[in-house]
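Good morning, everyone, and thank you for making time for this. I would like to walk you through one structure slowly, for those who have not met it before.

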Amino acid sequence: MVTGVFRSDAIESLFPEVETAAFESPEMLPDAPLFPEEQAFIGNAVVGRRAEFATGRACARAAIEALGLTAGSIPVGNGRMPDWPEGITAAITHTRREGREYVAAVAAKTDGSFGIGLDAEVIQTLKDGVRTMIVTEAEQSEIDALDPGLHNEAVIRVFSAKEAFYKAQYALTSSWVGFGDMALTGLSGAATTLVPTGSLAVLKQLSLPVDYHQILSNGLVVSGVTVRRS
Ligand SMILES: CC(C)(COP(=O)(O)OP(=O)(O)OC[C@H]1O[C@@H](n2cnc3c(N)ncnc32)[C@H](O)[C@@H]1OP(=O)(O)O)[C@@H](O)C(=O)NCCC(=O)NCCS
């Protein structure tokens, strides 16, 4: 295992329904090794992008090995989703903002009936144009009802849950789902549910609504989603 990646019980707790292994790194590891085809993909990228890509792969390989499997190359697949080994569903996230760096990956054995998604975001103020792209009107009403000190955090919670959902669903559908196609309910309470907002056909392949789980810690929101086929 690469030095600098650590097992994360906190991330594993975001997936209560499935057995997962998760690893994280509190910083980018620019010298984390890559397999030749991974290197060929990322070779021309700027230093920071190569570092986040390599650190994500290091976390993912550690997670796959913790499940008792051999972790080899993880090429970039369809829609930029990593091409996971047969029988594995997994997800990578990396974030770097306001002096913070964080990378993590989670993996689980699957028979193809479910996918998992993971996303980490630094809590920050998003520009109005970005926020309105991510947050539905119903979600915005719930955010407006919160203490103003919680508004940025709530927007990032919406963003992170939706990105985690996107990764989990993509493993099953290989399809695009937009930010307006799903909405969080009960932002002001303990409810942690994502519901479809319309009748996007691809979502009929999935068992919805779906629960999401989040950790808020150290200026980060980290979200985990497990999605099953309908
Ligand atoms: C794909 C996407 C979710 C990645 O999220 P991000 O915040 O930009 O970046 P993160 O660091 O959290 O995750 C990046 C990793 O996601 C993974 N990823 C990229 N595309 C993916 C896909 N289609 N499916 C699953 N995982 C994917 C990759 O491992 C990537 O890291 P890598 O390129 O180093 O391997 C985002 O770029 C995107 O396209 N979002 C729009 C769609 C969406 O979120 N809709 C909401 C539905 S409710």
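I will go from the domains to the core, then to the ligand, and finish with the strands.

Please keep in mind throughout that this is a predicted model. The chain is divided into domain 1, which covers 6–111, and domain 2, which covers 121–217. Taken over C-alpha atoms, the centres of domain 1 and domain 2 are separated by 23 Å. Where the two meet, eleven residues of domain 1 are in contact with nine residues of domain 2. On the domain 1 side of this contact, the largest share, four residues, is supplied by β3, and by class that side has four nonpolar, four polar and three charged residues.

Let me turn to the interior. The largest nonpolar core has 62 residues, and those with the most contacts inside it are C59, A63, A104, A105, V106, A107 and F165. Helix α6, residues 151–173, provides the largest share of this core, with 13 residues. Where does this core lie with respect to domain 1 and domain 2? Both domains give residues to the core, so it lies between them. To take one of its residues as an example, A104 touches, if we leave out residues up to four places away in sequence, a set of partners that includes I11, F23, C59 and L118.

Staying with helix α6, we also find A171 there. Is A171 buried or exposed? There are 21 C-beta neighbours inside 10 Å of A171, and a residue counts as buried when it has 20 or more, so A171 is buried. Again leaving out residues up to four places away in sequence, A171 touches M81, T89 and G115. By contrast with those contacts, A58, which is 113 residues from A171 along the chain, has its C-alpha atom 20 Å from that of A171.

Now to the ligand, which is surrounded by 23 residues, the closest being R80, M81, I92, Y166 and Y170. The elements that give two or more residues to this shell are α3 (47–66), β3 (88–97) and α6, and α6 gives the most, with six. Sorted by class, the shell holds eleven nonpolar, five polar and seven charged residues. Domain 1 and domain 2 each contribute at least three residues to the shell.

That leaves the strands. As a general reminder, strands of a sheet pair through backbone hydrogen bonds, in either a parallel or an antiparallel sense. One open sheet here has four strands in the order β1-β2-β4-β3, with antiparallel pairing, and its edge strands, β1 (6–7) and β3, each pair on one side only. Between β1 and strand β2, residues 21–25, there are two bridges in the antiparallel sense, and R7 has F23 as its bridge partner in β2.

Further along the chain, strand β9, residues 220–228, is mostly covered, with seven of its nine residues buried. Strand β9 pairs with strand β5, residues 114–122, in the antiparallel sense over nine bridges, and the partner of V122 in β9 is L220. Strand β8, residues 210–217, also runs antiparallel to β9, and six bridges join them, with H213 standing opposite G224. Finally, β8 and β9 form a hairpin with two residues between them, and N218 in the turn has a positive phi of about 55°.

Terms used
Residues numbered from 1 in each chain as written. Predicted model: local features only at pLDDT ≥ 70, side-chain atom pairs only at ≥ 80, totals over all residues. Core = buried A, V, L, I, M, F, W, Y, C linked by C-beta atoms within 7 Å. Buried ≥ 20, exposed ≤ 12 C-beta atoms within 10 Å, placed from the backbone. Domains from an automatic or database assignment. Contact = placed C-beta atoms within 7 Å. Near = placed C-beta within 6 Å. Nonpolar A, V, L, I, M, F, W, Y, C, P; charged D, E, K, R; others polar. Pairing = 2+ DSSP bridges.
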